[in-house]
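Student: Could you walk me through this model, one feature at a time? I'd like to learn how to read the packing and the pairing.

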Amino acid sequence: MDTVDVLIVGAGPTGLTLACDLARQGVAVRIVDRSPRPGGGGRGFSLKPRSLAALDDLGAAREIATAGFVERRTRFHQGTRRLFELDTPPAPVTVEQPYPNVVALPQWRTEAILRDRLAELGGKVEFGMRVTGLAVGEAESGSRVSGPAGIEVRSGTRAAGPGWSEVSFAGGERIRARFVVGADGGRSTIRRELGVAFTGRTDPDTRAMISDVRLDGLDPAGGVNMWLSPQRGVAVTRPVPGTGVWQVVVSLGPDLPDDEETLQRLLTERTGLAGLRVTEVLWHSVWRYNLRIAERFRAGPVFLAGDAAHVHSPFGGHGMNTGIQDAYNLGWKLGLVVRGLAPEGLLDTYESERMPVARQILADSDQRMGSMMTWRFARPLLGPLLKAGFRRRQRSTRQDHPVYPAGPLIGDGGGAPMPDGSLPTGARLSDLFRGSHFTVLGPEPVTGFDPELVHVHRMAGDYRVVRPDGYLALTAPTVEPVRAYFDRLTAG
Ligand SMILES: Cc1cc2nc3c(=O)[nH]c(=O)nc-3n(C[C@H](O)[C@H](O)[C@H](O)COP(=O)(O)OP(=O)(O)OC[C@H]3O[C@@H](n4cnc5c(N)ncnc54)[C@H](O)[C@@H]3O)c2cc1C
């Protein structure tokens, strides 16, 4: 049986980001996916600045920024009548903010870029590997960690050394891993095997058909169009510049089929554009309203990340971004533990940092969805008021940087992303942070740290500790709190 340090189940944006992060640290990692081949359509379309900063660190952001585009025009229609157009010019790129804008790119393309980056780092996705079972063993005791009734969960024993888990596949193959990460989407098999509850609510009647299509009758230069009507429902068209492809979303009543004929009929009814014709459906899927969060993001050596840990409405463009940022939070922690640079206790901070972020995102996406629904029914409301509201929302989406609460990894003055900047040498500050090490910036040289764990640079002002994920961990007037921070980290 093959043994590996980390097994990632699911090669969506979450799993791929994590695989890149671990591969660059030299961690033995395998990433498997049940699909026979890549695919999956446009789905998540927006990469926010914080995700781009993470992908920049992993060496994939430039490619994404080149392939993607900044959506600036959105036209809002009330019924078939044009209400207003929102024109949001791109924010300028500065040294402090190399990625100031939300970059639009279909999810399949983002995934392809991440797979290419993974290949450069020596890894590859193993497609056609469907996980069917999980056995979780613990060091020393060999006790069963969890497992729902009716599902066979083998327990493992080991005299000494780290715990392990054994994952089995539809074809009968098994892989043993020290750590397993379930990045296998909203219907996660890993979550189910762990018996971790996925609490929240589902509204099966709130559905939408999401498709990638070719169509005639709309000019891609016009940008995104949203038609909202209390009687007829919602239609959204979003061009993918230079490809001839559009992402089309139509809300779908409970009894309507999700076929091409229905799509065409709903588009014609809701837009009032007789000349708007779908000429080819390249991919489609049905989205159902789900607002759910896993009650734990970690069970022993098994972690849940991305949609496997939380699902919500697409309003706010959080889905893919949250998964990428989950993976980026977990990647350096797993890497340091596997490489023997930090004790396993560090891994507890994955859940304590990411669960509050996920809860906040669930609330935000729910609130955005609620206000869209209210808007549908508040027809006489003033256009300018709505326009200002949507503009505010767009700006806040750009500045969507989760802040981590005080905890074992966040001390005085820490919690927010460290702003980028330029150095007297001309290099960017973020170049100093690139990699999975901590960075200490301070007025005097500090010695005595393991160079694999901590890089030290002189810089005027207070001492600052920057985490491997670019978050400011601590500011201090003297070096003692810095030393105490790393003493705590390495002592667990
Ligand atoms: C129809 C639809 C439309 C969406 N639209 C938007 C949007 O407009 N904006 C937005 O931000 N987000 C959107 N999302 C959400 C976004 O796509 C997800 O948040 C994002 O894909 C999460 O990434 P992930 O890697 O966590 O999971 P996923 O992308 O779901 O990837 C999970 C992977 O795990 C694999 N897998 C599953 N089970 C197993 C198993 N047993 N064994 C092995 N592999 C397995 C799957 O094949 C899949 O490749 C949409 C989602 C859907 C379904």
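**Strands, helices and domains**

Tutor: Let's start with one pair of residues: valine 6 stands opposite valine 29 in β2. Before going on, note that this is a predicted model, where local features need pLDDT of at least 70, side-chain atom pairs count only at pLDDT 80 or more, and totals for chains, interfaces and linings use all residues. Residues are numbered from 1 along each chain as its sequence is written, and side-chain values use heavy atoms, with hydrogens and water left out.

Student: What do labels such as β2 stand for?

Tutor: Helices (H or I, at least four residues) and strands (E, at least two) are DSSP runs, numbered from the N terminus.

Student: Then how many bridges join β1 to β2, and in which sense do they run?

Tutor: In general, strands of a sheet pair through backbone hydrogen bonds, either parallel or antiparallel. Two strands count as paired if DSSP finds at least two bridges between them. Here β1 and β2 (residues 29-33) run parallel, joined by 4 bridges. β1 (residues 2-9) also runs parallel to β10 (residues 174-182), with 7 bridges. In that pairing, aspartate 2 has isoleucine 175 of β10 as its bridge partner.

Student: What is the strand order in the open sheet of 8 strands?

Tutor: Read across, the order is β5-β4-β12-β13-β14-β11-β15-β18, and the pairing is mixed. At the edges sit β5 (81-87) and β18 (310-311), each pairing on one side only.

Student: Which pairings inside that sheet should I look at?

Tutor: Try β11 (residues 198-216) with β15 (residues 277-294): they pair in the antiparallel sense over 16 bridges. Arginine 201 has leucine 291 as its bridge partner in β15. β15 is also antiparallel to β18, through 2 bridges, and there isoleucine 293 stands opposite histidine 310. Another antiparallel pair is β12 (residues 224-229) with β13 (residues 233-240), joined by 5 bridges. Asparagine 225 faces threonine 237 of β13.

Student: And what is the order in the open sheet of 4 strands?

Tutor: That order is β20-β19-β21-β22, again with mixed pairing. Its edge strands are β20 (454-458) and β22 (472-476), which each pair on one side only. The twist averages 15° from one strand to the next. β19 (residues 438-442) pairs with β20 in the parallel sense over 5 bridges, with phenylalanine 438 opposite valine 454.

Student: On to helices. How do I describe two that pack?

Tutor: Two packed helices are described by the angle between their axes and the distance between the axes. Axes are lines fitted to C-alpha atoms, for helices over the stretch in contact, and angles run from 0 to 180 degrees between N-to-C directions. Take α1 (residues 13-24) and α4 (residues 107-120): their axes come within 9 Å and cross at roughly 20°. So α1 is roughly parallel to α4 (angles under 35 degrees count as roughly parallel, over 145 as roughly antiparallel, 65 to 115 as roughly perpendicular and the rest as oblique).

Student: What is the handedness of the crossing of α1 and α4?

Tutor: α1 passes α4 in a left-handed crossing. A crossing is left-handed if the near helix is turned anticlockwise from the far one by less than a right angle, and right-handed if clockwise. By class, this contact has 7 nonpolar, 2 polar and 3 charged residues. For the classes, Ala, Val, Leu, Ile, Met, Phe, Trp, Tyr, Cys and Pro count as nonpolar, Asp, Glu, Lys and Arg as charged, and the others, Gly among them, as polar.

Student: How does α1 cross α7?

Tutor: That crossing is right-handed. The axes of α1 and α7 come within 8 Å and cross at roughly 25°, so the two are roughly parallel to each other.

Student: And what is the angle between α2 and α7?

Tutor: α2 (residues 49-57) and α7 (residues 319-338) pack at about 45°, with axes 9 Å apart. That makes α2 oblique to α7. The crossing of α2 and α7 is left-handed. Arg50, Ser51, Ala54, Leu55 and Asp57 in α2 meet Asn321, Ile324, Gln325 and Tyr328 in α7, where contact means heavy atoms within 4.5 Å.

Student: Zooming out, what domains is the protein divided into?

Tutor: There are domain 1 (2-199 + 291-375), domain 2 (205-289) and domain 3 (429-491), with bounds that come from an automatic or database domain assignment. Between domain 1 and domain 3, the C-alpha centres lie 27 Å apart, and 14 residues of domain 1 are in contact with 16 residues of domain 3.
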